[in-house]
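Me: Please take a close look at one strand in this structure and at how its residues are placed. Then work outward from there to the rest of the chain, in one connected account.

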Amino acid sequence: MIERIWSGSSLLYLLLLPLSWLYGLVSGLIRLSYRCGLRKSWRAPVPVVIVGNLTAGGNGKTPMVIWLVEQLQQRGYRVGVVSRGYGGKAAVYPLVLDAQTTTRQAGDEPVLIYQRTGAPVAISPKRAEAVQALLKQGELDVIITDDGLQHYALQRDFELVVIDGVRRFGNGWWLPAGPMRERVARLKTVDACVANGGVAQPGEIAMKLRAQDAVNIASGERRPAIELPHVVAMAGIGHPPRFFATLEKLGVEVDREVAFADHQEYNHGQLAALVSQGQTLLMTEKDAVKCRAFAQPEWWYLPVEAVLPPEQAEQLLQDIQKLVK
């Protein structure tokens, strides 16, 4: 239902417009208070790159963060990542992740980024505190923030917005009548726009998510996803249909699709009940990081990686490198 409302195909959004106007008013006043100096923002001693979005729901932001971290690491830069840690609940903040940090503590996306990139990652609702915690651990050349475009308490040197290239901006209204955290005009002030899927508009960098081989959660074995038998596909991400569409493009025969809420917590019994004898459970990597402790032999995940046009990718990286002293 919420997808129909946000897409504009249902007129029920009209009933929510008063709440949207209130959301827009409050968010606008908050941003204005920082611009006028009524609220204090903190500037890090190293460049800060925001990877955020204008809309709620999955846009492909985390794959973009991973791509950016890995690309900068390959060029010799020391990269740290900070996040709010949505979906997790740490005993204390800021929390610097290590090999024992669980998704229950830090949230699924920070753990995924840490495991994929090996970069130092810290979480805190106050992202400035997370940055400070990382800098106490060691020297860094640049900080990438996973989300936080609207977190103006942390000053930034570069803003990159990831757009869902298929759904775009829905009906264009603020939450809850529409999917917008900020209106589309905000794009005029950012440094780069990346369109995930669909058709990139002028001025946007096209990004595709390329699926790799499926990986067995328990053993680490890799195998083409199309070879997995009797697949039950599950996804607890911002937009599960994207994952199911990826499997279809790969030619994976799926017996059943199961969608969960974004940042859903799982237990063994809940997931074991999804498959019967002879079936394979296939999930996203974001789901898999929450299941490693109790994964069964027939449970697999499908990693994806962001792919950008070489020339535009190089220009983006050069723009960010110019910030690093």
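Reply: Leu 160 has its bridge partner in β7, and that partner is Ala 192. Leu 160 is one of the residues of β6, so a close look can begin with that strand, defined as a DSSP run. The model is a predicted one.

The contact with β7 is built from 5 bridges, and β6 and β7 run parallel. β6 also pairs with strand β1, residues 48–52, again in the parallel sense, here over 4 bridges. In that pairing Val 49 stands opposite Phe 158 of β6. As for the side chains, Phe 158, Leu 160, Val 162 and Asp 164 point one way from β6. Glu 159, Val 161 and Ile 163 point the other way. Both groups are buried, the charged Asp 164 and Glu 159 included. Since 7 of the 7 residues of β6 are buried, the strand is largely enclosed by the rest of the structure.

After β6 comes the loop that leads to β7, and two features of the backbone can be placed in it. The loop between β6 (158–164) and β7 (192–196) holds Pro 176, which is joined to Leu 175 by a cis peptide bond with omega about 0°. Arg 168 lies in that loop between β6 and β7. Its phi is near 50°, a positive value in a residue other than glycine. With a relative accessible area of 21%, Arg 168 is partly exposed, because the limit for a buried residue is under 20%.

A second cis peptide bond joins Tyr 93 and Pro 94, again with omega about 0°. Pro 94 sits in the loop between β2 (79–83) and β3 (95–96). Those two strands also take part in the packing of helix α6: its buried residues pack against β2, β3, β4 (121–123) and β5 (142–146). The helix spans residues 127–137. Its buried residues are Arg 127, Ala 128, Ala 130, Val 131, Ala 133 and Leu 134.

Further along the chain there is an open sheet of 6 strands, in the order β10-β9-β14-β13-β11-β12 and with mixed pairing. β10 (222–223) and β12 (254–259) are its edge strands, each paired on one side only. Within this sheet, β13 (residues 280–284) and β14 (residues 299–302) are parallel partners joined by 4 bridges, and Leu 281 stands opposite Trp 299 of β14. Helix α7, residues 240–250, packs on the sheet and touches β11 (231–235), β12, β13 and β14. The direction of α7 makes about 150° with that of β11.

Another positive phi is found at His 263, near 65°, in a residue other than glycine. This residue lies in the loop between β12 and α8 (268–272). Is His 263 buried or exposed? At 14% relative accessible area His 263 is buried, because that value is under 20%. Leaving aside neighbours within four places in sequence, the contacts of His 263 are Tyr 86, Asp 108, Glu 109, Gly 236, Lys 286 and Lys 290.

Lys 290 appears again at the second largest pocket, where Lys 290 is among the lining residues closest to the centre, with Thr 102, Thr 103, Val 289 and Ala 293. The lining has 14 residues, and the space inside is about 210 Å³. The elements giving two or more residues to that lining are α4 (103–106) and α5 (108–117).

The cysteines come last. A search of the whole structure finds 0 disulfides. Two cysteines can be set apart by their surroundings: Cys 36 is exposed at 54% relative accessible area, whereas Cys 291 is buried at 0%.

How values were computed. Residues are numbered from 1 along each chain as its sequence is written. This is a predicted model: local features need pLDDT of at least 70, side-chain atom pairs count only at pLDDT 80 or more; totals for chains, interfaces and linings use all residues. Side-chain values use heavy atoms; hydrogens and water are left out. Two strands pair if DSSP finds at least two bridges between them. Contact means heavy atoms within 4.5 Å. Axes are lines fitted to C-alpha atoms, for helices over the stretch in contact, and angles run from 0 to 180 degrees between N-to-C directions. Buried means under 20% relative accessible area, exposed over 50%, partly exposed in between (1.4 Å probe, protein chains only). A disulfide is a pair of cysteine sulfur atoms within 2.5 Å. On a 1 Å grid over the protein atoms alone, a cavity is a set of points where a 1.4 Å probe fits but cannot get out, and a pocket is an open set with protein on both sides within 12 Å along at least five of seven lines; lining residues have an atom within 4 Å of a point. Grid points are joined across faces, edges and corners, and a volume is the space filled by probe spheres set on the points.
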